[in-house]
Amino acid sequence: MNAKLKDEWSQRHRYCHEIPEPMELDEARFVLTAHAEHGVECVQFISALAYAEVRA
Ligand SMILES: [Zn+2]
């Protein structure tokens with residue numbers, strides 16, 4: 001996975017309280033890792049979980 005893409009994702013998902021746009025599985029996995037320790041108040045994590053599970 002290239003670094004430029006990861007930079008874009010880091011920017012796009014930097015705020016825990018923002019609801020993200022629909023995303024692909026790779027992006028969802030990235031967000032799940034980045035926000036893993038944030039708990040149930042992290043909207044980014046919950047959203048990424050939903051997008052990851054839809055395709056599981
Ligand atoms: Zn978070």
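Four donors count as tetrahedral if all angles between them lie between 85 and 135 degrees. Keep that in mind for the zinc ion in this structure. One caution: this is a predicted model.

So, which residues hold the metal? The protein donors of the zinc ion are Cys-16 and Cys-42, each through SG, and His-35 and His-38, each through ND1. They lie 1.9 to 2.3 Å from the zinc ion.

Now the geometry. The angles among the four donor atoms run from 100 to 127 degrees. That range falls inside the limits of 85 and 135 degrees, so the site is tetrahedral.

Look at the sequence next. The spacing of the donor residues reads C-x18-H-x2-H-x3-C.

Are the donors His-35 and Cys-42 buried or exposed? His-35 has a relative accessible area of 5%. For Cys-42 the value is 1%. Buried means under 20%, so both residues qualify.

On to the fold. The protein has three helices and zero strands. From the N terminus, the order is α-α-α. The radius of gyration is 10 Å, close to the 10 Å that the globule rule gives for 56 residues, so the protein is as compact as a globular protein of that length. The C-alpha trace spans about 30 × 25 × 20 Å along its principal axes.

What about contacts? Take those between residues at least 6 apart in sequence: 46% of them join residues at least 24 apart.

Last, the surface. Buried residues make up 29% of the 56. The accessible surface comes to about 4100 Å². Carbon and sulfur atoms account for 54% of that surface.

Terms used. Residues numbered from 1 in each chain as written. Predicted model: local features only at pLDDT ≥ 70, side-chain atom pairs only at ≥ 80, totals over all residues. Heavy atoms only, no water. Donors = N, O, S within 2.8 Å, 3.2 Å for Na, K, Ca; no water. Tetrahedral: all angles 85-135°; square planar, octahedral: opposite > 155°, others 65-115°. Buried < 20%, exposed > 50% of the residue type's maximum accessible area, 1.4 Å probe, protein only. Helix = DSSP H or I, 4+ residues; strand = E, 2+ residues; numbered from the N terminus. Rg over C-alpha atoms; globule rule 2.2 N^0.38 Å. Contact = heavy atoms within 4.5 Å. Areas by Shrake-Rupley, 256 points an atom, 1.4 Å probe, with all protein chains shown as cover.
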